[in-house]
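Dear colleague,

Please find the structure below, handed over for your records and for your own inspection. The findings follow it.

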Amino acid sequence: MAALPPYTTPLERAWHYGFRFICACIFIFLILPILVILPLSFNAEPYFTFTPGMLSLDPEAFSMRWYRDIFENEQWIGSIKNSFIVGFFATVLATFLGTLAALGLSRANMPYRTLIMGILISPMIVPLIITAAGMYFFYTNLGLAQTHLGLILAHTALGTPFVVITVTATLVGFDHSLTRASASLGASPPRTFFKIIVPLIAPGVISGALFALITSFDEVVVVLFLAGFEQRTIPRQMWAGIREQISPTILAVATLLIVFSIVLMTALELLRRRNERMRGIRPS
Amino acid sequence: MRRFLKSSVYATVGLAALGLAGVSQAADSLTVVSWGGAYTNSQINAYHKPYEAKTGVKINSEDYNGGLAQIRAQVEANNVTWDLVDLELSDVIRGCDEGLLEPIDHGILPAGDDGTAATDDFLEGTLYECGIGQIIWSTVFAYDASKFTGDKPSAIGDLFDTAKFPGKRGLRKTPRVNIEWALMVDGVAGEDVYETLSSDEGVDRAFSVLDRIKDDVLWWEAGAQPPQMLADGEVSMTSAYNGRLFNAIFKEGKPFEIVWDGQVWDLDLWGIVKGTPNLEQALDFVKFSTDTQRLADQTKWISYGPVRQSSLPLVAEEMQPHMPNYPENFKTALQNDFEWWADHQDEMNERFAAWLAQ
Amino acid sequence: MAQATLDMGVITTVDGTPLKTKLRQAERRNRLRSFGLVFPLLAFIMISFVFPIGDMIFRSVDNPVVAQHLPRTLAALENWDGQEIPDEEVFSVLAQEMRVAAEAREIGKVATRLNYDLPGSRSTITKTARKIRKIEEGPYKEVFIEADKDWGETETWSKLKQVGERYTISYYLAAVDLQRDATGNIISQPENRQIYVPLFLRTLWVSLLITVICLLLAYPIAYLMATLPVRYSNLLIILVLLPFWTSLLVRTTSWIVLLQTEGVLNDILVWIGVISDEGRIQMIYNMTGTIVAMVHILLPFMVLPLFSVMKTISPSYMRAAKSLGATPSRAFWTVYFPNTVPGIGAGSLLVFILAIGYYITPALVGGRTGQLISNFIAFHMQSSLNWGLAAALGGLLLAGVLALYWLYNRVVGIDSMKFG
């Protein structure tokens with residue numbers, strides 16, 4: 001880090017380091033809860049605290065037993081499968097619908113833009129408990145409660161705002177002369193779409209899709225209301241575990257989910273950089 | 001207009017959904033709902049597995065925490081996905097009153113091993129219009145013996161006495177049993193508890209006793225929670241279902257002690273959800289699981305008493321002292337008054353929820 | 001492409017239509033095309049999201065049960081003055097309707113509905129219904145009063161009349177701790193039932209507190225991130241984004257592990273001797289647990305908007321202020337801080353909106369005292385099954401959230417919402 005200039009007064013110096021210390025504490029607050037889980041999930045004992053063996057780094061005190069537990073347990077395997085099924089289809093649907101809508105919303109002549117945008121973003125804003133209660137009656141009446149389809153549709157609705165927002169954001173800086181240039185050079189509209197628009201909005205679409213995926217992957221309130229036994233997802237299974245018997249298996253699942261989010265986050269970061277390169281934005 | 005709009009929305013979406021939602025539950029499976037954990041486990045071993053082996057019908061075992069809420073939601077929404085539910089007696093009575101449960105003809109129940117007709121073989125008060133009894137269970141309280149070096153809790157009053165026995169308490173998040181205990185602690189004799197509760201003053205009195213420990217209670221909902229809370233040291237004493245404690249003590253070797261004083265016992269019964277598409281199968285399962293052998297088998301896994309006279313001799317000797325109805329345990333037992341609860345649970349639940357929130 | 005030719009002062013295209021018309025047509029086509037792109041999602045959200053919520057909220061005024069099962073009794077009570085209990089005629093009509101309802105196993109629903117407005121009346125109805133099924137004919141008045149003395153009270157009857165209304169405001173009244181007395185005046189609920197107004201206030205207060213704490217924690221780190229060189233700040237951004245991307249349940253689990261009585265934090269405190277083994281602190285399953293976990297979960301929503309605003313503030317502003325003689329604190333408060341207000345507004349509104357509707361975290365770590373309004377909506381949805389009250393509470397919450405959302409849109413603009 002940059003050294004302090006020589007003319008700083010002792011008070012400024014104290015403030016400078018004091019401030020850094022406060023920030024460090026806040027960062028620890030942010031990150032500690034996530035880090036503390038990782039070693040504990042390898043605990044050989046069924047406790048949630050660091051055993052003396054763990055503190056002295058005795059290899060005997062660590063084990064993979066809770067990870068084995070996950071993959072030997074039918075319910076966990078089922079829930080992992082369900083999470084991926086629901087997450088995948090909801091993401092595909094949300095990305096498709098959301099991207100189309102964002103393309104429409106970004107056109108200069110979109111009527112009632114603010115109102116429509118407001119409605120499309122609302123699933124992100126309305127408290128989940130209200131969404132879940134409403135969907136519960138609706139999907140039950142349609143016979144879609146306790147089906148995978150019902151859950152997929154519900155998660156699609158919850159995921160679309162993220163796609164709309166990220167794709168719209170990509171389109172904000174979109175230079176429309178590019179499409180006109182393409183058209184004037186004789187490209188058909190589909191060709192223009194696939195050769196010009198798609199590559200430019202792709203990063204926004206993909207990051208929107210990742211947000212939709214993580215939303216579905218993390219959603220539990222709607223699942224609590226809509227899912228039956230056959231549709232239990234990972235968060236639903238964790239919910240039951242936390243409420244009833246918080247075993248270290250939960251910590252092992254949590255660790256896997258943290259790894260999963262790190263992977264998604266890295267993917268997103270790479271996309272962001274690519275996006276900036278493509279648009280010629282130099283990292284500021 | 002609104003109605004038209006509503007029905008047309010349902011109609012269009014319904015049509016669209018119909019084609020996609022075709023894959024519903026296969027007809028050769030049965031969803032049986034019970035209380036989870038060690039108790040469901042005992043049922044899986046004693047009922048589900050042999051039934052699956054015998055008939056090839058797959059049994060999906062689902063967990064809940066009691067009450068009629070989900071059943072009512074399913075019946076009113078016309079979306080019945082549970083077939084058979086393990087219910088408390090007051091819920092059977094109420095569910096029957098509200099048309100949430102199918103009436104069950106007692107004539108279909110098999111006779112006892114000794115040939116006694118089913119209606120005579122079942123203990124008195126265990127067969128109802130919409131419910132067939134399985135077990136007697138009770139709510140007791142327990143403590144971690146390793147945490148108390150001096151005096152040990154021995155009477156129901158000790159659960160409410162945080163001065164004598166410091167530490168957090170675990171109680172089920174429902175007025176049931178708690179308000180009965182509160183009055184018993186306050187000196188009301190067991191037989192007068194429900195009469196006292198029938199007056200507003202009695203209810204006030206019960207809640208004022210609960211007030212004493214309100215700030216020291218951690219509330220549990222699922223039956224598996226209290227043994228866990230006790231093991232984790234989150235509470236020093238907790239109410240719990242006796243079978244769960246038995247499981248923790250004898251199967252998992254936890255140093256817990258059960259206090260039987262003031263136990264409140266109840267029945268668990270099978271109820272069939274009104275409008276289930278698998279009615280015949282469900283009835284068949286009820287017949288199978290409540291025969292003499294099956295009810296006796298269940299006691300191998302958990303310490304709940306069977307409701308058939310003919311099952312009693314088949315219960316292993318060493319299990320007897322852990323049953324709620326073992327004479328030594330039963331001295332100060334109180335039976336949950338199911339009619340009182342069927343009538344008053346709404347107001348008690350509401351009062352309790354308000355009390356908790358304040 | 002329309003080609004304009006000049007002809008008689010009116011600009012027309014080659015086929016002779018005025019250019020104005022042609023342009024308007026093109027414009028309309030374009031608008032339709034734009035709308036066509038948005039339509040699938042709009043239709044989907046309207047059908048699968050807006051409509052279901054509207055339908056659910058409608059339950060807060062919908063009140064069909066009693067009107068459906070006791071229509072003749074209600075008709076007979078139409079002209080009842082409420083002064084004395086009704087006469088035998090009304091009793092016998094009610095008896096007949098109750099008998100029919102009891103045989104159809106519907107009487108429980110009527111009883112449940114009446115019980116919402118008149119606590120304790122459930123047993124009045126069910127007991128009486130059981131009795132009526134046993135007798136063949138009247139006179140019923142004595143039978144009723146013998147079954148339950150409440151039938152001799154005018155309050156029972158006036159409440160019965162009230163719950164017979166096809167549409168009702170009583171759920172909304174109950175949601176703000178009010179009720180109607182026998183004569184229809186609006187009065188407050190008895191003291192031991194007044195829970196929702198305090199609960200709404202508590203929810204608002206807690207959300208505000210969480211917002212303020214988030215702001216206090218987010219401001220310094222956003223400032224640090226905005227002022228550090230990019231290679232350092234990128235690393236810090238990851239530290240903010242990682243919790244943001246980590247599952248809510250994972251983070252809640254972590255807090256349980258950290259804060260429970262036998263948890264990591266208490267162990268450390270015991271180990272370094274701050275507290276004794278018996279004196280472990282209750283930090284979770286109460287309001288503290290709810291606040292700590294929710295601050296942690298919502299903090300990134302505050303940091304990110306603040307950071308994106310601060311990034312745009314040129315460091316030269318501060319240098320200019322200082323070179324003009326301002327002390328560092330004066331430079332900060334008069335120059336830097338006012339520039340960050342848009343970020344503060346965006347972050348605070350977002351955190352506040354998300355906090356007042358929170359359900360999961362309070363449910364898992366809130367214990368008895370850390371519950372918020374959403375938890376009670378869930379309670380009435382899933383346990384007490386008082387769906388009308390759940391809908392009324394939900395309606396009030398939704399109205400509040402939508403008002404804030406509108407404000408957010410006015411102040412910040414939803415377009416500028418960004419993640420990551």
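How many bridges join S5(B) to strand S8 (residues 237–241) of chain B, and do the two run parallel or antiparallel? S5(B) and S8(B) are joined by 5 bridges and run antiparallel. Within this pairing, B:Phe141 has B:Ser239 of S8(B) opposite it. Please bear in mind throughout that the model is predicted.

Confidence

For the complex, the predictor reports an ipTM of 0.90 together with a pTM of 0.89. The mean pLDDT of chain C is 89, and 96% of the residues in that chain score at least 70. Among the elements of chain C, the highest mean pLDDT, 96, belongs to helix H10 (residues 196–227) of chain C, while the lowest, 50, belongs to strand S1 (residues 5–7) of chain C.

Strands of chain B

Strand S5 (residues 131–144) of chain B has several partners. This strand is mostly covered, with 13 of its 14 residues buried. Besides S8(B), strand S5(B) pairs with S9(B) in the antiparallel sense over 11 bridges. In that pairing B:Thr139 faces B:Val264 of S9(B), the two standing opposite each other. Strand S4 (residues 127–128) of chain B is also joined to S5(B), by 2 bridges and in an antiparallel arrangement. S4(B) and S5(B) make a hairpin in which 2 residues lie between the strands, and B:Tyr128 stands opposite B:Gly131 of S5(B). A further antiparallel pairing, over 2 bridges, links S5(B) with strand S10 (residues 305–306) of chain B. Here B:Ile136 has B:Gly305 of S10(B) opposite it.

Strand S9 (residues 256–272) of chain B also pairs with S3(B), antiparallel and over 5 bridges. One of the residue pairs involved is B:Val85 with its bridge partner B:Gly271 in S9(B). Strand S3 (residues 84–88) of chain B is itself mostly covered, since 4 of its 5 residues are buried. S3(B) is in turn joined by 2 bridges to strand S1 (residues 29–34) of chain B, and these two strands run parallel. B:Leu84 in S3(B) is the bridge partner of B:Val32.

Helix H5 of chain A

Helix H5 (residues 113–125) of chain A contains 13 residues, and the distance from its first C-alpha to its last is 18 Å, close to the 18 Å expected at 1.5 Å a residue. H5(A) nevertheless bends by about 30° at A:Ile119, and a proline, A:Pro123, follows within four residues. The buried residues of the helix include A:Ile116, A:Met117, A:Leu120 and A:Ile121, and A:Pro123 is also one of them.

Which elements cover these buried residues? From chain A, the cover includes helix H4 (74–105), helix H6 (128–141) and helix H7 (148–172). From chain C, helix H1 (19–58), helix H16 (328–356) and helix H19 (387–411) are included as well.

Domains of chain C

The domain assignment of chain C gives domain 1 (5–58), domain 2 (65–163) and domain 3 (196–416). Between the C-alpha centres of domain 2 and domain 3 of chain C, the distance is 51 Å.

With kind regards

Methods
Residues are numbered from 1 along each chain as its sequence is written. Chains are lettered from A and ligands numbered from 1 in the order in which they are written. This is a predicted model: local features need pLDDT of at least 70, side-chain atom pairs count only at pLDDT 80 or more; totals for chains, interfaces and linings use all residues. The expected span of a helix is 1.5 Å times one less than its number of residues. The bend at a residue is the angle between axes fitted to the seven residues ending there and the seven starting there. A residue is buried if 20 or more other C-beta atoms lie within 10 Å of its own, exposed if 12 or fewer, and partly exposed in between; C-beta atoms are placed from the backbone. Two residues are in contact if their C-beta atoms, placed from the backbone, lie within 7 Å. Domain bounds come from an automatic or database domain assignment. pLDDT is the predictor's confidence in each residue, from 0 to 100. Two strands pair if DSSP finds at least two bridges between them.
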